[in-house]
Amino acid sequence: MDKQKASEDIQFIKEILNKTQQDISKTGNFFLWVGVVNLLGVVMKEIGYCLLNLVNEIPLVFWQLLRSVDVISFFLLVIVFVIYYRKLSKVGNDLSKSILKIWGTLLIGGRIFIKILSELYSNAHDNLPPNAVMAMEKVIFFLLIAVGYLFMSILVHDKKICASIIACVVIYCFLLFMNSVLTVGRIHGHGVQMYVHDIFISAILSVGMIASGVYIRCRRIKSSGDQQYT
């Protein structure tokens, strides 16, 4: 009788864990779309650089549109967050909603906070070069991304996510120390250059987010398969 009750309790715990894992996996689509939006932004910039390099005169409207890619991507991320938060508010559990809130706060609120902070800092230091302020913004934003992944790895008890983001932090610090630049496009023969550590951030926000979404969804599949064979 005790063995049967213990077996039932174990099965009940497994069902709860499986249900929790399925709810967490619902955030996978959010990460996929965040990565897709950021990747489209990168692709649009590269296409813009190629088109600008082909024409003799750069149209003002096209130039302004190219400079607005980051702003457009930001508003698309807001839309993605609102859509998936409304979905999880109906069918998700508290853990999945907490994960989404954390990332919404970091990706949306974090960027707004960084912009306000950089404006205040720039006004307080008039002689500060614009590039220094921009570099500060990107470093802080990367730290926010790292914090988001660390929090998520703790919430879902996933050592792989934790190890991956620690490795990314080490790589980023190394690239930041190297301070190397890479040509990402050309306009009328003039190279458009980016720091390699900034390119690394773009890779995390695009390819990294897509990979995270796929991984989270695959965890549900694995969890469901384990449930079937127990």
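The expected span of a helix is 1.5 Å times one less than its number of residues. The views below show a predicted model.

**View 1. Helix α7, from residue 159 to residue 178.** Helix α7 has 20 residues, so at 1.5 Å a residue a span of 28 Å is expected. The C-alpha atoms at its ends lie 29 Å apart, which agrees. At the start of the helix, a side-chain oxygen of Asp158 comes to within 2.9 Å of the backbone nitrogen of Lys160. Just after the helix, Asn179 has a positive phi of about 55°.

**View 2. The two sides of helix α7.** Ile161, Ile165, Tyr172 and Leu175 are buried. These residues are on the same side of α7, because they cover an arc of only 80° around the axis. Lys159, Val170, Phe174 and Phe177, on the other side, are exposed. An α-helix has 3.6 residues a turn, so residues three or four places apart point the same way.

**View 3. Phe30 and Tyr84, one of eight aromatic pairs in the structure.** The two rings are edge-to-face, with 6.5 Å from centre to centre and 70° between the planes. Phe30 belongs to helix α2 (residues 28–54) and Tyr84 to helix α4 (residues 69–91), so the pair ties together parts 54 residues apart in sequence. Both Phe30 and Tyr84 are buried. Ring pairs join them with Phe31, Phe81, Tyr85, Trp103 and Tyr149 in a cluster. The charged end of Lys87 sits over the ring of Tyr84, 5.1 Å from the ring centre.

**View 4. The aromatic pair of Phe142 and Tyr172.** The ring centres are 3.9 Å apart and the planes are at 20°, so this pair counts as stacked. Phe142 is in helix α6 (residues 130–155) and Tyr172 is in helix α7, 30 residues apart. Phe142 and Tyr172 are both buried.

**View 5. The three salt bridges of the structure.** Side chains of opposite charge can pair when their charged atoms come close.

- Lys45 pairs with Asp70, and their closest N and O atoms are 2.9 Å apart. Lys45 lies in helix α2 and Asp70 in helix α4.
- Glu137 meets Lys115 at 3.3 Å, N to O. Glu137 is in helix α6 and Lys115 in helix α5 (residues 94–124), so the bridge ties together parts 22 residues apart in sequence. Glu137 is buried at 15% relative accessibility, whereas Lys115 is exposed at 51%.
- Lys138 pairs with Asp198, with 3.3 Å between the closest N and O atoms. Because Lys138 lies in helix α6 and Asp198 in helix α8 (residues 196–228), this bridge ties together parts 60 residues apart in sequence.

Note on methods: Residues numbered from 1 in each chain as written. Heavy atoms only, no water. Helix = DSSP H or I, 4+ residues; strand = E, 2+ residues; numbered from the N terminus. Buried < 20%, exposed > 50% of the residue type's maximum accessible area, 1.4 Å probe, protein only. Arc of directions from axis to C-beta. Polar contact = N/O pair within 3.5 Å; in protein donor to acceptor, adjacent residues only side chain to side chain. Phe/Tyr/Trp six-rings, centres within 6.5 Å; stacked < 30°, edge-to-face > 60°. Lys NZ or Arg CZ within 6 Å of the ring centre and 35° of its normal. Salt bridge = Lys/Arg side-chain N within 4 Å of Asp/Glu carboxyl O.
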